[in-house]
Structure formats: structure tokens, C-alpha cells
Amino acid sequence: MFTVKNNTGDKFVAKYDGIEYVFAPGDSVVLTEDAAAHIFGLGASDKNEVLVRHGWLHKSSDYDVAMQKLNGFSFGSVNMVPVPDVTEVERVQEQTEQGMSAPLQGEAINGAPDGVPVVVEPTYRRGSMLDNLKMA
């Protein structure tokens with residue numbers, strides 16, 4: 001898997017295997033090796049087929065300009081994709097919690113009295129999550 005960053009000032013759209021990839025200026029997109037080879041000629045010494053497919057090369061005198069367009073994309077490995085910092089993760093969690101419905105009251109779960117916390121313990125057993133609810 002590769003990341004491809006569009007360092008050009010133009011939006012670029014390409015397809016591979018029925019999937020449309022949109023490369024907005026400044027954005028990085030994750031691609032499989034096959035998709036990167038088809039769209040950008042990654043690993044191929046002769047890029048003419050790719051340049052012609054994208055309409056960047058019409059005649060041999062346009063080769064240098066077409067290669068400049070292709071060189072406007074940079075490649076990296078998937079492990080180079082930035083991991084969000086803790087504050088970003090917390091912000092997403094807050095938005096998720098704010099969008100959720102109100103928490104269930106104690107009486108709503110197994111007849112527990114109000115004020116008694118209900119604990120859901122992690123489990124790897126099959127079955128419903130409700131089967132794993134316990135009163136603290």
C-alpha cells in the first residue's frame with residue numbers, strides 16, 4: 001500500500017479496477033501497489049502509456065511537460081500516514097457522545113435501582129452484548 005500526495009494545483013481523477021480515485025490538491029490518497037502502477041506507472045521505466053492515458057502526452061515534444069505533471073505527485077508508504085494526536089481523538093469522541101441518545105437509567109437494565117452503575121465487561125464470547133451486562 002502506498003500514499004500518493006497531489007502536489008499540483010489541480011484536482012486529478014483516475015480509475016483503476018472500477019474504483020475512482022480523487023486526488024485533490026494537497027491531499028494524500030492510499031492506493032494498492034497495482035492501482036499505483038496503473039495510474040502512475042509506479043515501478044515502470046517507460047511512463048509513456050500512463051502519460052497518454054491521462055491525456056498529458058499527445059506528441060513526443062510534450063514529453064517533458066507531461067513528466068512534470070506526473071512528478072507533481074509524491075509517494076510514501078502507508079506507515080507514513082500521520083496518526084491523529086490525542087486531542088483529535090478526544091474531539092471525535094466528544095462529537096460522537098454528543099450525538100448519542102441519553103444514557104439508560106438504572107431501572108431500564110435488569111431492574112437495577114437508579115444510581116447503581118451498570119458495567120459492561122469486555123468479552124470475546126459470542127452472543128448479544130446485553131447478555132454481558134452486570135450490575136456493579
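# Reading the terms in a predicted model

User: Which elements of the chain have the lowest and the highest mean pLDDT?

Analyst: Among the elements of the chain, strand β6 (residues 118–120) has the lowest mean pLDDT, 48, and β2 the highest, 94. pLDDT is the predictor's confidence in each residue, on a scale from 0 to 100. Helices (H or I, at least four residues) and strands (E, at least two) are DSSP runs, numbered from the N terminus. This is a predicted model, in which local features need pLDDT of at least 70, side-chain atom pairs count only at pLDDT 80 or more, and totals for chains, interfaces and linings use all residues. Residues are numbered from 1 along each chain as its sequence is written, and side-chain values use heavy atoms, with hydrogens and water left out.

User: What is the average pLDDT of the chain, and where does pLDDT stay under 50?

Analyst: The chain averages 74, and 57% of the residues score at least 70. Over residues 103–109 pLDDT stays under 50, and the model has eleven contacts beyond four places in sequence for them. Residues 132–136 also stay under 50, with 20 such contacts. Contact means heavy atoms within 4.5 Å.

User: How many helices and strands does the chain have?

Analyst: The secondary structure comes to four helices and seven strands. From the N terminus on, the order is β-β-β-β-α-α-α-β-α-β-β.

User: Why is Asp17 called exposed?

Analyst: Buried means under 20% relative accessible area, exposed over 50%, and partly exposed in between (1.4 Å probe, protein chains only). Asp17 has a relative accessible area of 67%, so Asp17 is exposed. Asp17 lies in the loop between β2 and β3. The phi of Asp17 is positive, about 55°, although Asp17 is not a glycine.

User: Why does Ala24 count as partly exposed?

Analyst: The relative accessible area of Ala24 is 23%, which falls between the two cut-offs, so Ala24 is partly exposed. Ala24 is in the loop between β3 and β4. The C-alpha atoms of Ala24 and Asn7, 17 residues apart along the chain, are separated by 9.0 Å.

User: What makes Glu49 and Arg53 a salt bridge?

Analyst: A salt bridge is a side-chain nitrogen of Lys or Arg within 4 Å of a carboxyl oxygen of Asp or Glu. The closest N and O atoms of Glu49 and Arg53 are 3.0 Å apart, so the pair forms a salt bridge. By this rule the count comes to one salt bridge. Because Glu49 and Arg53 are four residues apart in helix α2 (residues 48–53), about one helical turn separates them. At 59% relative accessibility Glu49 counts as exposed, whereas Arg53, at 34%, counts as partly exposed.

User: What makes a group of residues a nonpolar core, and which members touch the most others?

Analyst: A nonpolar core is a set of buried Ala, Val, Leu, Ile, Met, Phe, Trp, Tyr and Cys residues joined through side-chain atoms within 4.5 Å. The largest one has 18 residues, of which Phe12, Phe23, Leu31 and Phe40 touch the most other members. At least two residues of this core come from each of β2 (12–16), β3 (19–23), β4 (28–31), α1 (33–40) and α3 (63–70). The largest share, four residues, comes from α1. Leaving aside neighbours within four places in sequence, Phe12 is in contact with residues including Tyr21, Phe23, Phe40 and Trp56. In soluble globular proteins, nonpolar side chains tend to be buried together.

User: What percentage of the chain counts as buried?

Analyst: Of the 136 residues, 23% count as buried.
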